[in-house]
Amino acid sequence: KEIRKWLKQHPKIEIYVAIDDMDLSPNRKDELLHQQNGSTEPMPFLDMSTDFVKCNPAVGLTMDLARLAIAYLNGVPVSDEERDRAYGRGGAQDGAAADSGFQGFGPTTFIG
């Protein structure tokens, strides 16, 4: 909720990425409750495919997750395979994603 509130207070912000160890993305139950309440406000959740990167609280922000966040900020499309590697899912092992050709870096402005 705090992120959505901040974004509402700063309407010029069009592209952003939240990085947190809490899951800020909605599940189906959340979506149904939101619809049932008849709310016209955007859901107070973030989309893990465009504006939210979840890190492991025991590990923190890894280089692969940072690359993912930078790609989102720069509007670079990210494949499911690249996202899976960043989150340590699938066949990639220990830094394989760093050598995958993932091109998330570019000009970025950090605000906050």
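Which side chains meet in a salt bridge with 3.1 Å from N to O, one of them being arginine 83? Aspartate 80 is the partner of arginine 83 in that salt bridge. I'll come back to this pair. First, the overall picture.

This is a predicted model. The average pLDDT of the protein is 74, and 63% of the residues reach at least 70. Confidence varies from element to element. Helix H3, residues 63–73, has the highest mean, 93. H2 has the lowest, 61. Then look at residues 92–112. There pLDDT stays under 50. The model still has 31 contacts beyond four places in sequence for that stretch. Where pLDDT is low, the predicted coordinates should not be read in detail. Please keep that in mind when you look at residues 92–112, where the score stays under 50.

Now the layout. We have four helices and two strands. Starting from the N terminus, the order is α-β-α-β-α-α. The protein has 112 residues, and 28% of them count as buried. Take the contacts with a separation of 6 or more. Of these, 61% join residues 24 or more positions apart. The accessible surface is about 7,800 Å². Carbon and sulfur atoms own 52% of that surface.

Let's go to H3. How many of its 11 residues are buried? The count is 10, so-called mostly covered. The buried set runs Asp64, Leu65, Ala66, Arg67, Leu68, Ala69, Ile70, Ala71, Tyr72 and Leu73. What covers them? Strand E1 (18–20), E2 and helix H4 (80–86) are included in the cover. After H3 comes glycine 75. Its phi is positive, near 70 degrees.

Next, the nonpolar cores. The largest one has 10 residues. They are Val53, Cys55, Leu65, Leu68, Ala69, Ala71, Tyr72, Val78, Ala86 and Tyr87. H3 gives the most to this core, five residues. Another core lies apart from it. That one has six residues, including Leu7, Ala18, Leu46 and Phe52.

One loop residue deserves a stop. Where is aspartate 51? Look in the loop between helix H2 (28–36) and strand E2 (52–54). Is aspartate 51 buried or exposed? Aspartate 51 is buried, at a relative accessible area of 11%. Its side chain makes a polar contact with the side chain of tyrosine 16, at 3.1 Å. Leave out residues up to four places away in sequence, and aspartate 51 touches Tyr16, Val17, Ala18, Leu46 and Tyr72. Two of those names came up with the cores. Tyr72 is listed in the largest core. Ala18 and Leu46 are among the residues of the other core.

Now the charged pairs. Side chains of opposite charge can pair when their charged atoms come close. The structure holds four salt bridges. I'll walk through some of them.

Start in H3. Arginine 67 forms a salt bridge with aspartate 64. Their closest N and O atoms are 3.1 Å apart. Why are the two residues about one helical turn apart? They are separated by about one turn because they sit three residues apart in helix H3. Arginine 67 counts as buried, at 14% relative accessibility. Aspartate 64 is buried too, with a relative accessible area of 15%.

Move to H4, and back to our opening pair. Arginine 83 and aspartate 80 lie three residues apart in helix H4, so about one helical turn separates them. Their burial is another matter. Arginine 83 is buried, with a relative accessible area of 11%. Aspartate 80 is exposed, at 57%.

H4 holds another bridge. Glutamate 81 pairs with arginine 85 in a salt bridge. The closest N and O atoms are 2.7 Å apart. Both residues lie in helix H4, four residues apart, about one turn of the helix. Glutamate 81 counts as exposed, at 53% relative accessibility. Arginine 85 counts as buried, at 17%.

To recap. H3 has the highest mean pLDDT among the elements. H3 also has 10 of its 11 residues buried. The largest nonpolar core takes five residues from H3. Arginine 67 and aspartate 64 form a salt bridge. In H4, arginine 83 is buried, and its salt-bridge partner aspartate 80 is exposed. And for residues 92–112, pLDDT stays under 50.

Technical notes. Residues are numbered from 1 along each chain as its sequence is written. This is a predicted model: local features need pLDDT of at least 70, side-chain atom pairs count only at pLDDT 80 or more; totals for chains, interfaces and linings use all residues. Side-chain values use heavy atoms; hydrogens and water are left out. Buried means under 20% relative accessible area, exposed over 50%, partly exposed in between (1.4 Å probe, protein chains only). Contact means heavy atoms within 4.5 Å. Accessible areas come from the Shrake-Rupley method with a 1.4 Å probe; for residues, only the protein chains shown count as cover. A polar contact is a pair of N or O atoms within 3.5 Å; within protein, one must be able to donate a hydrogen and the other to accept it, and residues adjacent in sequence count only if both atoms are side-chain atoms. pLDDT is the predictor's confidence in each residue, from 0 to 100. A nonpolar core is a set of buried Ala, Val, Leu, Ile, Met, Phe, Trp, Tyr and Cys residues joined through side-chain atoms within 4.5 Å.
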